[in-house]
Amino acid sequence: MKKAVYPHTPPRVLHNIAASIIGLLAKVLWNTKVINSVQETMAPPFLVLVNHQSNIDGFLALHAMVPYHINFVIGKYHFRRKAERWIFRLIGAIPKEQFIPDVSAIIEMRRVIARNGILAIFPAGQSCISGESTPLPSGLSKLIKYLDVPVYSLHISGSHLTYPKWDMSHFRRGEITITKKLLFSRDSVRKLGKNELLSIAQDDLYFDEYVYQKEKKLQIITKTPAKGLTSLFFLCLECNSLFTLQEAKSYIICKKCGSVFYCDQFGFMHKANLANTPISPSDWNRQQQNALYNTILQNRDFEMRAEATVSVLNQKGKSDPLVSGVLKFVLYSLIMLDANSTVVLEIPIAGHSLLPHENPYTFEIAERSSTYQIRFTQRGIAYAFVSAVYQASRQLENQATC
C-alpha cells in the first residue's frame, strides 16, 4: 500500500465537530463577529494570511473560514510535546521553525497547494505580547510568489485583550471582530513586485489593539486587569530601573521609586497622580524599547543578568538540562555562567534579531546545530532579554549599512 504523503487534508468529521465547538465558544465566550468582505466564491487552492494577536487566533481563524478545511502552519515547538504533536499531526498541521528559513515546511506548504488545498499561516511568526503587531518577514512575498495562488486575509481585532499573552491564566470578556477579504488575486500575485506585495500585506495585517480600544471603548470584564503585566513591563518609566515592578489585581508598583500605575477597565494604565493621562501597554512597550536601545547604544558596558537554566533541545524535542547559573546580556553576546562564575556558553547576537518567546519564563535561541532553551526563575525577565537581543541586533544592522 502506498504511504500517504504528509500533510493530509484535515479529517472532515473531526473538523466539523471542532468547528461547531469553536463556533459556540467564539460566540458565547469570546463575543465574536465575522465580517465577510469577499464578493466572489473562494475556490481552492488559496492562501490565508492571519494577523496574530493571541494564542486563540488559530481557533478564531478556523471559525471564520467555515466550511473550508484548512492546513495551518504552526510553530515547531508545539510538536515537541507529545499530546500536542499527536493532535496537530492528526489535523495535518505543518510545523515550522520560527524566524529562520525552513525548507521542509515550505515543501509541505507546496504539497497542500498542489492538491488544491487551503493553507493558513501567521506571517508574524508568533503572537504579540504588547498589543502591537511586529514587521512581517521579507520572505513572505517570496512565499506568495512561489505558491502562485489567490491570497485572502483574516484581520482579527480584540483577541489580544481577550486572551493577552502576558496573562493566559483566564479569558477576559470583551469583543472580537474578524474581517475576511481578498488581499491578492492570482493575477495580482503575478503582476505585483515582491516589495509591493509585502507592503500591502503589512498594511492589511497591522494592528495596535489599544488604538482599536480608543475607538471602540470596549469594556474588558475581569477582576484582575493588571495581572500578568510584569511579563510585558520590564522597565519603570519613572525611574528607568529594570525588574523593579510588582503587580497586584489592578495596579503596578515600582519597588524602587514607589510609582503606582492603575489599569482601568479598558486596558489602559494611569499614574496615580495623573489620572487623566492614560498610557497604553503598547505605548509603554515602545518607550521601554527605545530606552533600552539608547542605553545599549550609549553605554558599551551595559549588561543585564538574571538567574536561569539552559537546556539543549534534542532531536525528539525534549529538553536536556545543560547548566543552571546566571545568564548575562553584554554587548552583542549572551553569556551563561555556572555556580562558579565559569563561562559555560557564549552565543553571539549577530543573526538573532527575533527569538521564539512563548511564555513569561522562557525563550529559545538556535546556534549552529543546537537549539537552546533558556528558562528564568522570575516571570517577565525573558521578554527583557529577547528585547535586548533585538535592540542590539538593530544596532549591528545599522552599523553594517553605514
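The following exercises, each with a worked solution, concern a predicted model of one protein chain.

**Exercise 1. Overall form**

Determine how the radius of gyration of the protein chain compares with the value from the globule rule.

*Solution.*
Step 1. Begin with the secondary structure: the protein chain contains 11 helices and 18 strands.
Step 2. Take the two values to be compared. The radius of gyration is 22 Å, and the globule rule gives 21 Å for 402 residues.
Step 3. The two values are close, so the protein chain is as compact as a globular protein of that length.
Step 4. Add the outer dimensions: along the principal axes, the C-alpha atoms fill a box of roughly 60 × 50 × 45 Å.

**Exercise 2. Interior and surface**

State what percentage of the residues of the protein chain count as buried, and describe the exposed area of the chain.

*Solution.*
Step 1. A residue is called buried when its relative accessible area is under 20%. By this criterion, 51% of the 402 residues are buried.
Step 2. The protein chain exposes about 19500 Å², and 54% of this area comes from carbon and sulfur atoms.
Step 3. Consider the contacts between residues at least 6 apart in sequence: 64% of them join residues at least 24 apart.
Step 4. Turn to charge. There are 45 positive and 31 negative side chains, and 7 Å separates the centres of the two sets.

**Exercise 3. An aromatic pair**

Classify the pair formed by Tyr-251 and Tyr-262, and explain which parts of the chain it ties together.

*Solution.*
Step 1. A pair of aromatic rings is described by the distance of the centres and the angle of the planes.
Step 2. For Tyr-251 and Tyr-262, the centres are 5.7 Å apart and the planes make an angle of 55°.
Step 3. Planes under 30 degrees apart count as stacked and over 60 as edge-to-face. The angle of 55° falls under neither heading, so the pair is tilted.
Step 4. Tyr-251 belongs to strand 9 (residues 251-254) and Tyr-262 to strand 10 (residues 260-263); the pair therefore ties together parts that are 11 residues apart in sequence.
Step 5. Tyr-251 is partly exposed, at 32% relative accessibility, and Tyr-262 is also partly exposed, at 42%.
Step 6. The protein chain has 14 aromatic pairs by this rule. Elsewhere, ring pairs join Trp-30, Tyr-163 and Phe-171 into a cluster.

**Exercise 4. A residue before helix 1**

Decide whether Val-5 counts as buried or exposed, and give its distance from Leu-237.

*Solution.*
Step 1. Val-5 lies in the segment before helix 1 (12-28).
Step 2. Its relative accessibility is 53%. Exposed means over 50%, so Val-5 counts as exposed.
Step 3. From C-alpha to C-alpha, Val-5 and Leu-237 are 53 Å apart in space, with their positions 232 residues apart in sequence.

Definitions and conventions:
Residues numbered from 1 in each chain as written. Predicted model: local features only at pLDDT ≥ 70, side-chain atom pairs only at ≥ 80, totals over all residues. Heavy atoms only, no water. Helix = DSSP H or I, 4+ residues; strand = E, 2+ residues; numbered from the N terminus. Rg over C-alpha atoms; globule rule 2.2 N^0.38 Å. Buried < 20%, exposed > 50% of the residue type's maximum accessible area, 1.4 Å probe, protein only. Contact = heavy atoms within 4.5 Å. Areas by Shrake-Rupley, 256 points an atom, 1.4 Å probe, with all protein chains shown as cover. Lys, Arg positive; Asp, Glu negative; His and termini not counted. Charge placed at Lys NZ, Arg CZ, Asp CG, Glu CD. Phe/Tyr/Trp six-rings, centres within 6.5 Å; stacked < 30°, edge-to-face > 60°.
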